[in-house]
Amino acid sequence: MKKIRCYIHLNLLLLLIPLINLQFPTLSFAQDYDDPKKDDTPPPGLLRCNGVYMSYTTGNREKLYPRTTNVTAQAWSFKSTAMIVNTGIEEVKGWQMFVGFHHREIIVSATGAVSSDGDFPVDASNGTTFIGSPNTDLKTSILTAGDDTQISTDIEITGTVFGGRGTATPMPKTIKLINDGWQCPAATSKGGTMQVCCKRNPKFKSKEKVKTKFMPRRHGDLNIIYDVLQAYKSNYMAQVTIENNSPLGRLDHWNLTWEWMRGEFIYSLRGAYAAEKSPGECLNSKAGQFYGDLDFSQVANCQKKPILKDLPADRKEDKDTGKLPFCCKNGTLLPVHMDPSKSKAIFQLQVYKVPPDQNRTAFFPPQNWKIDGIVNPQYKCGPPVRVDATPFPDPSGLQATTYAIASWQVVCNITKPKPKAARCCVSFSAFYNDSAIPCNTCACGCKDIDTDTCNANARPLLLPPDTLLVPFDNRTLKAKVWAKQKHMAVPKKLPCPDNCGISLNWHLNSDYGNGWSGRITVFNWGKNAVEDWFGAVDLGKAGLGYENVYSFNGSRVPPKNQTIFFQGLPGMNYLIGLTNGTNPARDLQVPGKMQSVISFKKKNLGSLNIPGGDGFPKKVFFNGEECELPKYFPKKGSAMRLSGIRFLPSILLVITTFLAISDRFLSCV
């Protein structure tokens, strides 16, 4: 009977086990063994590295739309993982990992890092550099007890790649640490992983620098400092300082934008204003729930990506929005050597935070900074980097120094315009050739042009020099007549215009034994005048012989002294826009124009071939923007051949006369 009861109890237990598993799915009646598939063994390269270990591992890829039979044009999505680990005994501040992509990759997103080339998506065709965010530094294992979150960063990369066959993602050319003082051997690849161990260069000698708690401040064409001046539990006061450090950089009517990452909003502004207020964005966000009694109609800006602008000059003394040094210049930032008072801009903002950042020490600067202007160079900004607190003179006037609570630096550098994406262009002409080479076709883009009626890729037609003063729409007849006179072919589909609001003509004026000269003419084809304009020409070796600019203020740009900087004289720095002719019904519109001759010496410069190319600029700038140059320059040989043809009738006349005289002389003998 006892055996029967035990049997019944056992069967009841077996029936209850599935019910227990359903109720408590994590409960196990079996012995717990490690998952044999899980492998936490670090790669051998990591174990052997005493420095900074980096790896890049590819994954599979998937074909994207549109599907095409052209293998090189087919786009694929891919995912890969990069890892950087400090395995040495020295902290690595501001780590920078370069990945040598070379298959027209576009990086769409990356966790744990940002790209030094700007916010995503990033064109990484020539490689890109990843910078830690938010973990900008790699501490040592010794000082962190091996805390992986402080000594390493994993970067999950998602992107698009073009070309190739199969589902395997192509590997980059290389990976390396590009911080100063570090050297990396060639990376090795095995399977789908590339790895390298970088070490300190024992021969590297760093410059004497003051030791800092955070990253040292860097130099860039445009430096932006984000200082926290006052801190409260739910908000803080910040100051933004923009400094133009480039001798050729400039901004007009600047627009500054960034992206809030933790739900912040701008409660008030001084020294700047937001292009849009949009209080509804606050009401429908976490801020609207947390600050339930706040009147958001009075808030300066609620956007995640605000667009901020400088105030006009008449607001400088306004007690509510102005009264800040270097504010209120209508968005103008000039080089220091032009006007130091206009090389810097400052504004302040009150930033409100949302949970969980409700404490006095929670500061998160905005990311993805961008700044641009009108007819100005294109800037590419890096991420904000924590630097030592900015010192300020004590507001009391005493000989004391006050420091910001926290400071971050954003470095922006000028980028070279892509082909057919400039904002100004250059034409060439010379004293020895009667044809001018106009600006390149679509030099400033052809997005708004009907390319069915013109050829966006055709070489521009040569023109008589005086036609450069004529608007493009009125040049066609003159160009055709000139081509007929010079026996040049005219295509059925004529070239499209250059579409530039500003153009410059470089005319090679003279070339003699101990010197030469050029003439620069600036044309404004836009409707708006350009105030405080400047230009620059890089003439390479020939620029070292610069002597004088006669109708402008001119100077050399250090340190190479090969670039000549010029600007209008006092009272003549105002380049008017396009105006109507004397009789608008009959006369063509006239561009704003200013010009000057520039003279050069040849002494101590060796051999210079001025007509052969040394007399033409290598680069031309207007208001900091690099202008697109013609692909060729006037040739002296063609002019000489034309001259020979021009004198052929005279030569034939002389020969005929000589023969006639000779024949008469012989008949008389």
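Two strands count as paired here if DSSP finds at least two bridges between them, and that criterion is worth keeping in mind at the first stop of this tour. The model on screen is a predicted one.

**The four-stranded sheet**

Begin by selecting residues 255-259, which make up strand β15, together with strand β20; 4 bridges join the two, and they run antiparallel. To see one of these contacts at the level of residues, pick T257, whose bridge partner in β20 is K370. Strands of a sheet pair through backbone hydrogen bonds, either parallel or antiparallel. Now widen the selection to the whole open sheet of 4 strands, whose order is β17-β18-β15-β20 and whose pairing is antiparallel. At its edges stand β17, residues 272-274, and β20, residues 367-372; each has a single partner strand, so one side of each is left without a neighbour in the sheet. Looking across the strands, you will find a twist that averages 25° from one strand to the next.

**Disulfides**

Next, display the cysteine side chains: a search of the whole structure finds 10 disulfides. A disulfide is a covalent bond between the sulfur atoms of two cysteines. Three of them are visited here.

Select C327 and C328, which form a disulfide with their sulfur atoms 2.3 Å apart; the cut-off for assigning such a link is a sulfur pair within 2.5 Å. The angle about the S-S bond is -70°, and the link of C327 and C328 is left-handed. Both C327 and C328 are buried.

Move on to C424 and C627, joined by a disulfide with an S to S distance of 2.0 Å. This link, too, is left-handed, with -90° about the S-S bond of C424 and C627. C424 lies in strand β26 (residues 424-430), while C627 lies in the loop between β38 (625-626) and α9 (636-668), so the pair ties together parts that are 203 residues apart in sequence. With a relative accessibility of 0%, C424 counts as buried, and C627 is likewise classed as buried at 4%.

The third selection is C442 with C446, a disulfide whose S to S distance is 1.8 Å. The torsion about the S-S bond of C442 and C446 is about -80°, so this disulfide is left-handed. C442 is buried, its relative accessible area being 1%, and C446 is also buried, with a value of 16%.

**Salt bridges**

Turn now to the charged side chains, among which the structure holds 11 salt bridges. Three of them follow.

First, select K139 and E91, which form a salt bridge whose closest N and O atoms are 3.7 Å apart. K139 lies in the loop between β7 (128-132) and α3 (141-144), and E91 in the loop between β2 (75-86) and β3 (96-99), so the pair ties together parts that are 48 residues apart in sequence. K139 is partly exposed at 34% relative accessibility, and E91 is partly exposed with a relative accessible area of 32%.

Then go to K486 and D434, whose side chains meet in a salt bridge of 2.9 Å, N to O. This pair links distant parts of the chain, with K486 in the loop between α7 (476-485) and β28 (502-512) and D434 in strand β27 (residues 433-437), 52 residues apart. K486 has a relative accessible area of 22% and is partly exposed; D434, at 29%, is partly exposed as well.

Finally, select D511 and K602, where the side chains meet in a salt bridge of 2.6 Å, N to O. Because D511 lies in strand β28 and K602 in the loop between β36 (592-601) and α8 (610-614), the pair ties together parts that are 91 residues apart in sequence. Is each partner of this bridge buried, partly exposed or exposed? D511 counts as partly exposed at 29% relative accessibility, whereas K602, at 17%, counts as buried; the dividing value is 20%, under which a residue is called buried.

**A nonpolar patch on the surface**

For the last stop, show the surface and select I89, I142 and L143, which make a nonpolar surface patch of about 420 Å². I89 is placed in the loop between β2 and β3, the loop that also holds E91 from the salt bridge with K139. At 72% relative accessibility, I89 counts as exposed.

Notes. Residues numbered from 1 in each chain as written. Predicted model: local features only at pLDDT ≥ 70, side-chain atom pairs only at ≥ 80, totals over all residues. Heavy atoms only, no water. Axes fitted to C-alpha atoms, helices over the stretch in contact; angles between N-to-C directions. Buried < 20%, exposed > 50% of the residue type's maximum accessible area, 1.4 Å probe, protein only. Salt bridge = Lys/Arg side-chain N within 4 Å of Asp/Glu carboxyl O. Patch = residues over 30% accessible without salt bridge, like charges linked within 9 Å, V, L, I, M, F, W, Y side chains within 5 Å. Areas by Shrake-Rupley, 256 points an atom, 1.4 Å probe, with all protein chains shown as cover.
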